[in-house]
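Open the model in your viewer and keep the selection tool ready. We will go from stop to stop.

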Amino acid sequence: MSDFGTFFLPGPTEVRRDVLEAMLAPMLPHRGAIFEALFARIQDGLRPVFRTTRPVYVSSSSATGLMEAAIRCAAPGPILCMVNGAFSERFANIALACGRETRVVGGDWHQAVPLDVVESALRERRYAAITVVHSETSTGTLTSLPELAALAHQYDTAVLVDSVTGVGGVPVETDAWDLDFVLTGSQKALALPPGLAFGVASQRYIDQASQATARGLYFDMVEFEEFVHKNQTPSTPAISLLYATAVQGEHIARETIEARWARHTTMAEMTHAWVRSLREETGEPFCVYAPDHARSGTVTAIALPATLKGDDIVKGVARRGFVIGGGYGKLKSSTFRIGHMGDHTPDRLALCLDATADTIRELLAK
Ligand SMILES: *Cc1c(COP(=O)(O)O)cnc(C)c1O
């Protein structure tokens, strides 16, 4: 717990003490055997998290950096962007900003983009890649990836996945689902400080990347691929954060990724049940924003009755020692969000939910 209270934000999340302390280690040169051993430890920790035998790229940037990289280095051609919230909208804006011809499908924040909508777009013309946000942090909606990937590959289209609040919290099977690019950030379900992004590209993606002529330099995944095989990064990495990542990778391995997913499922279900009980107790229309059967295990957006504002709830909960999230984007005041991800336990989440219920009772009594 920090001076600000215990973090149940949908990022950054609470970081273990010994992971923070790992960052006190002195610097080391980023070319040489000691660094390469550290980097190899990080690979051992992250590969099982992504469920891949491919190398995991480590970028000293926030996750948005690798979103841009995924677009820049995708094979030439137009990009189809599945949009159902603020972060998937950002992915589409990045494609536009990188000068790609871009088409948006979906647009309804209340659901995952239906597969038949994607399929009819794919039938009309060929797209080099599809962008999708696995766990939409603005709404708490989870998009199922295996069927999407199978569909896209029928049309020879690569699948670029922002799983920033997915990886490390909900099942992500990079290899088994045949995903072409999967990326996350350090400060979400992996429970590390912000500042690093991690990504995995399929062999097919990286083979085609050399044809993309506007890859730029800092986020050139062809270079990342070359260096990762030497256990190095193309430029100077955030070494202190790498120390933290190595230690956290070992914590995750001890827990096992399957147990981590299960713990997140428990916390998500607790939160959904809590929303139901709040609705019954108060008679007010509190509800989980994301549709049944398409809910993320890491973040829940809760829709509020018109008499309450997300900000007021966040402030009241902060006075009780917990940091939760307000609504995001166009849901700013009509929802609030609880990030039940990272290293939190159901017991600690229960305390946060109690504090939130107390706040809501107090606000409703006014
Ligand atoms: C947090 C988040 C991002 C942005 O991550 P940064 O690390 O701030 O760049 C992108 N996509 C999703 C789904 C997120 O939750």
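Select Ser-62 and the ligand. A polar side-chain atom of Ser-62 lies 2.5 Å from an oxygen atom of the ligand. That pair is a polar contact (N or O atoms within 3.5 Å). Next, pick Ala-63: one of its polar backbone atoms is 2.9 Å from an oxygen atom of the ligand. Then add Gln-187, where a side-chain N or O atom lies 2.8 Å from a ligand oxygen. The ligand taken alone exposes 380 Å², and the protein buries 89% of that. These areas come from the Shrake-Rupley method with a 1.4 Å probe.

A word on the model. It is predicted, so local features need pLDDT of at least 70, side-chain atom pairs count only at pLDDT 80 or more, and totals for chains, interfaces and linings use all residues. Residues are numbered from 1 along each chain as its sequence is written, and side-chain values use heavy atoms, leaving out hydrogens and water.

Now show the shell around the ligand. It holds 14 residues, and Ser-62, Thr-64, Thr-137, Asp-162 and Lys-188 are the closest. A residue is near if one of its heavy atoms lies within 4 Å. By class, the shell has five nonpolar, six polar and three charged residues. Here Ala, Val, Leu, Ile, Met, Phe, Trp, Tyr, Cys and Pro count as nonpolar, Asp, Glu, Lys and Arg as charged, and the others, Gly among them, as polar.

Where does the ligand sit? Its place is the second largest pocket. To sit there, more than half of its atoms must lie within 2 Å of the pocket's grid points. A pocket is an open set on a 1 Å grid over the protein atoms alone, with protein on both sides within 12 Å along at least five of seven lines; a cavity is a set of points where a 1.4 Å probe fits but cannot get out; lining residues have an atom within 4 Å of a point.

Colour α3 (63-72) and α4 (86-97), the elements that give two or more residues to the ligand shell. Helices are DSSP runs of H or I with at least four residues, strands are runs of E with at least two, and numbering starts at the N terminus. The largest share of the shell, three residues, comes from α3.

Stay with this pocket. Its volume is about 210 Å³, counted as the space filled by probe spheres set on grid points joined across faces, edges and corners. The lining has 18 residues, with Phe-87, Arg-90, Val-164, Gln-187 and Lys-188 nearest the centre. α3 gives the most to this lining too, with three residues.

Move on to the cavities. The whole structure has two of 30 Å³ or more. The largest has a volume of about 80 Å³. Select its lining, including Val-58, Tyr-218, Phe-224 and Pro-237. That lining has six nonpolar, five polar and no charged residues.

The second largest cavity holds about 40 Å³ of space. Leu-46, Leu-190 and Ile-252 are among the residues that line it. Helix α9 (residues 239-255) gives the most, four residues.

Two backbone stops remain. Most residues other than glycine have a negative phi, and most peptide bonds are trans. Zoom to Pro-12, in the loop between β1 (6-7) and α1 (17-22). The peptide bond from Gly-11 to Pro-12 is cis, with omega near -5°. Finish at Thr-256, in the loop between α9 and α10 (257-282). Phi of Thr-256 is positive, near 80°.

Technical notes: A polar contact is a pair of N or O atoms within 3.5 Å; within protein, one must be able to donate a hydrogen and the other to accept it, and residues adjacent in sequence count only if both atoms are side-chain atoms.
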